[in-house]
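I opened my notebook to a fresh page for this one. Here is what I looked up, step by step.

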Amino acid sequence: MAENYTDPSGNTEAFRAFSQTPEAAAPTDAPSRLPLIVGAAVVVLVVAAVAWFALS
């Protein structure tokens, strides 16, 4: 069975090419949750106001 993986440390040229490759870009930051939190707070306030006026 043929082995498809070549160890870069087994060959000086391959190792130099491996060690000098740029690192992968860092994953992007997750989007801010602030709009979600503000939206949830507004929904809670609207529901509370509707309940207040309905029960008054």
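**Helix α2 and its surface**

I began with α2: zero of its 22 residues are buried (under 20% relative accessible area, 1.4 Å probe, protein chains only), so this helix lies largely in the open. I noted that this is a predicted model, where local features need pLDDT of at least 70, side-chain atom pairs count only at pLDDT 80 or more, and totals for chains, interfaces and linings use all residues. Numbering runs from 1 along each chain as its sequence is written, and side-chain values use heavy atoms, leaving out hydrogens and water.

Next I checked the length: α2 reaches 32 Å from first C-alpha to last, close to the 32 Å expected at 1.5 Å a residue (times one less than its number of residues).

Then I picked out Val38, which lies in α2, residues 34-55. Val38 counts as partly exposed because its relative accessibility is 45% (partly exposed falls between 20% and 50%).

I also found that 2% of the protein's 56 residues count as buried. About 5700 Å² of the protein is accessible surface, and carbon and sulfur atoms hold 66% of that (Shrake-Rupley method, 1.4 Å probe).

Definitions and conventions: Helix = DSSP H or I, 4+ residues; strand = E, 2+ residues; numbered from the N terminus.
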